[in-house]
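Subject: Structure handover

Hello,

Here is the structure I said I would pass on. My notes on it follow below.

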Amino acid sequence: METRVSARRLSELLGPRSVGVPAYGWLADGIRQLVADGRLLHGTRLPSERELLTQLGVSRTTVTRAYGVLRDRGYASALRGSGTVVQVPGGPVAGGGEPLELSSLQPTRDDVIDLTCAAPAATPGLNRAYEAAVERMPSFIAAAGYFPLGVPELREALAQRFTDRGVATDPDQIIVTTGALAGLAAVFRAGLNRADPVVVESPSYPNSVRALEHAGARVVGAPLVSDSVDDVAGVIRRSNARMMLAMPDFHNPTGQVWSDDERAHVARKWRSTGVTGVVDETMSDTWLDHPIDARPMAAHAPGCVTVGSASKTFWGGLRIGWIRAPHALVGAIARARLTMDLGAPVLEQLVVGQLLQSQGALSDESRERIKASRQVMLGLAERCPGWRVEVPTGGLSLWWHLPTESSTALVTAAERRGVLLAPGSLFAVDGRGLERWIRTPYALDDLTLHRAADAIAAAWGDVGAPATRSARANSA
Ligand SMILES: Cc1ncc(COP(=O)(O)O)c(C=O)c1O
């Protein structure tokens with residue numbers, strides 16, 4: 001299936017024409033930015049010159065010249081018959097999925113759709129933010145470039161962001177890390193001794209559980225807070241836990257959000273038992289229907305440590321995350337962090353600073369795109385009889401309940417059809433069970449998403465949905 005962009009859509013994406021630059025330069029640069037930040041994908045057919053000049057109200061020379069510049073710079077190529085297609089200079093690089101287990105560290109084949117990771121493409125405007133950050137670099141290159149706690153302007157911007165969300169924070173409380181996972185690992189290393197019990201809801205995000213295990217923790221599984229906050233409080237009390245890892249905002253994989261009451265309840269339990277709450281806010285920005293109607297966990301539990309990330313809001317490839325800790329814990333966490341690395345890259349920190357300034361959070365465009373993708377993936381409910389899902393109001397995946405214990409069989413069948421999925425058991429805190437559950441991430445480009453949904457529906461047919469089975473039994 002060929003992808004094309006209509007003249008009308010391209011004009012919308014380009015936005016108003018810049019003044020003070022020649023029209024062909026504006027057009028060529030606009031299309032280049034759209035390719036560079038992933039809004040025009042490699043292989044997309046551009047409108048014909050005639051369609052575009054009519055839509056934009058420019059001369060034919062303008063469009064011809066702009067397409068010529070794009071071809072010269074490797075951002076477009078001429079089709080043999082007629083027409084022009086978008087090129088990513090050097091071609092797109094396969095893979096780039098965030099690995100959920102060691103086997104997926106193997107490079108992904110081009111023709112395989114990797115749904116073991118739930119991460120969106122880069123935010124529109126990423127390329128411009130990089131360009132602006134490069135302009136800022138001269139201020140930094142005269143010195144050595146190590147910022148073990150983070151570049152000051154980013155720490156300030158992040159502190160301000162917490163304060164704006166109702167959690168008064170000063171920049172000294174912020175440590176910039178190379179992603180949320182590295183942030184969590186530093187917090188675990190700082191706060192845990194061997195065999196310390198740590199409570200984690202099950203299912204949970206497996207990489208964080210592995211990080212806990214590596215820090216020597218004894219991981220104690222708890223039910224989901226959204227299912228029974230009293231049961232979770234019971235586990236905290238009985239386990240003598242030292243820490244609890246919490247994901248109150250769009251829990252990965254279920255997408256659930258804790259209510260204010262649940263947050264207050266858990267916070268009280270942390271305080272009364274002396275448990276350090278570690279709050280993973282990686283997904284907090286990914287609301288789709290409405291912003292989260294609850295205060296951040298740190299507003300309820302001032303003693304907790306919060307870990308955030310630019311990965312889902314802006315782009316995973318930035319590898320920038322952060323820790324917000326109470327003053328009393330910052331030093332210990334910073335020291336633990338220095339056993340892992342000496343700081344995040346300056347350029348990427350500046351890029352995140354730019355993006356926080358220019359768009360603050362997930363862009364409306366990304367949100368609309370992800371919402372539409374969620375709708376496509378929800379279509380599996382009709383195609384796969386017996387599948388049930390609670391539609392999450394945010395996050396990046398659906399957590400399906402299957403009518404039979406067939407998660408692993410489904411993963412195997414889907415792999416044969418070119419889609420990699422993670423079985424329910426991977427999200428179980430003890431790595432077992434959850435055979436009635438499957439996670440389907442949906443933040444994919446349109447073409448891939450439809451192919452993935454088709455393959456999953458077909459794989460479910462291969463596994464033998466219950467209806468098919470009884471039909472077979474009747475005919476036998
Ligand atoms: C819940 C959760 N925490 C942490 C991470 C890791 O984030 P980062 O890319 O910032 O290391 C992810 C990535 O998917 C995640 O889903």
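Which atom of the ligand does a polar side-chain atom of Arg319 lie close to, and at what distance? The partner is an oxygen atom of the ligand, and the distance is 2.9 Å. Keep in mind that this is a predicted model.

Two other polar side chains belong in the same paragraph. Ser309 has a side-chain N or O atom 2.6 Å from an oxygen atom of the ligand. Thr282 places a polar side-chain atom 3.3 Å from a nitrogen atom of the ligand. On its own the ligand would expose 390 Å², and the protein buries 96% of this area.

The ligand is surrounded by 14 residues, and the closest of them are Ala180, Asp280, Ser309, Ser311 and Lys312. By class, that shell holds 5 nonpolar, 5 polar and 4 charged residues.

Lys312 deserves its own entry. This lysine sits in the loop that runs between β9 (305-309) and β10 (321-324). Lys312 has a relative accessible area of 9%, so it counts as buried, the limit being under 20%. Its side chain reaches the backbone oxygen of Ala118, at 3.2 Å.

On the overall layout, the protein chain is split into three parts: domain 1 covers 7-86, domain 2 is made of 103-124 + 363-475, and domain 3 covers 127-358. Between the C-alpha centres of domain 1 and domain 3 there are 41 Å. Domain 2 is thus listed as two segments, in case you plan to cut the chain by domain.

Next, the cysteines. How many disulfides does a search of the whole structure find? The count is 0. As for burial, Cys117 is at 11% relative accessibility and therefore counts as buried. Cys304 is buried too, with a relative accessible area of 1%.

One last residue is Ser239, which is found in helix α10 (residues 229-239). Is Ser239 buried or exposed? Its relative accessible area is 12%, and because the limit for buried is under 20%, Ser239 is buried. A polar atom of the Ser239 side chain lies 2.7 Å from the backbone oxygen of Val235.

If you set up the ligand site, the contacts to list are Arg319 at 2.9 Å, Ser309 at 2.6 Å and Thr282 at 3.3 Å.

Regards

Methods:
Residues are numbered from 1 along each chain as its sequence is written. This is a predicted model: local features need pLDDT of at least 70, side-chain atom pairs count only at pLDDT 80 or more; totals for chains, interfaces and linings use all residues. Side-chain values use heavy atoms; hydrogens and water are left out. A residue is near a molecule or strand if one of its heavy atoms lies within 4 Å of it. A polar contact is a pair of N or O atoms within 3.5 Å; within protein, one must be able to donate a hydrogen and the other to accept it, and residues adjacent in sequence count only if both atoms are side-chain atoms. Accessible areas come from the Shrake-Rupley method with a 1.4 Å probe; for residues, only the protein chains shown count as cover. Ala, Val, Leu, Ile, Met, Phe, Trp, Tyr, Cys and Pro count as nonpolar, Asp, Glu, Lys and Arg as charged, and the others, Gly among them, as polar. Domain bounds come from an automatic or database domain assignment. A disulfide is a pair of cysteine sulfur atoms within 2.5 Å. Buried means under 20% relative accessible area, exposed over 50%, partly exposed in between (1.4 Å probe, protein chains only). Helices (H or I, at least four residues) and strands (E, at least two) are DSSP runs, numbered from the N terminus.
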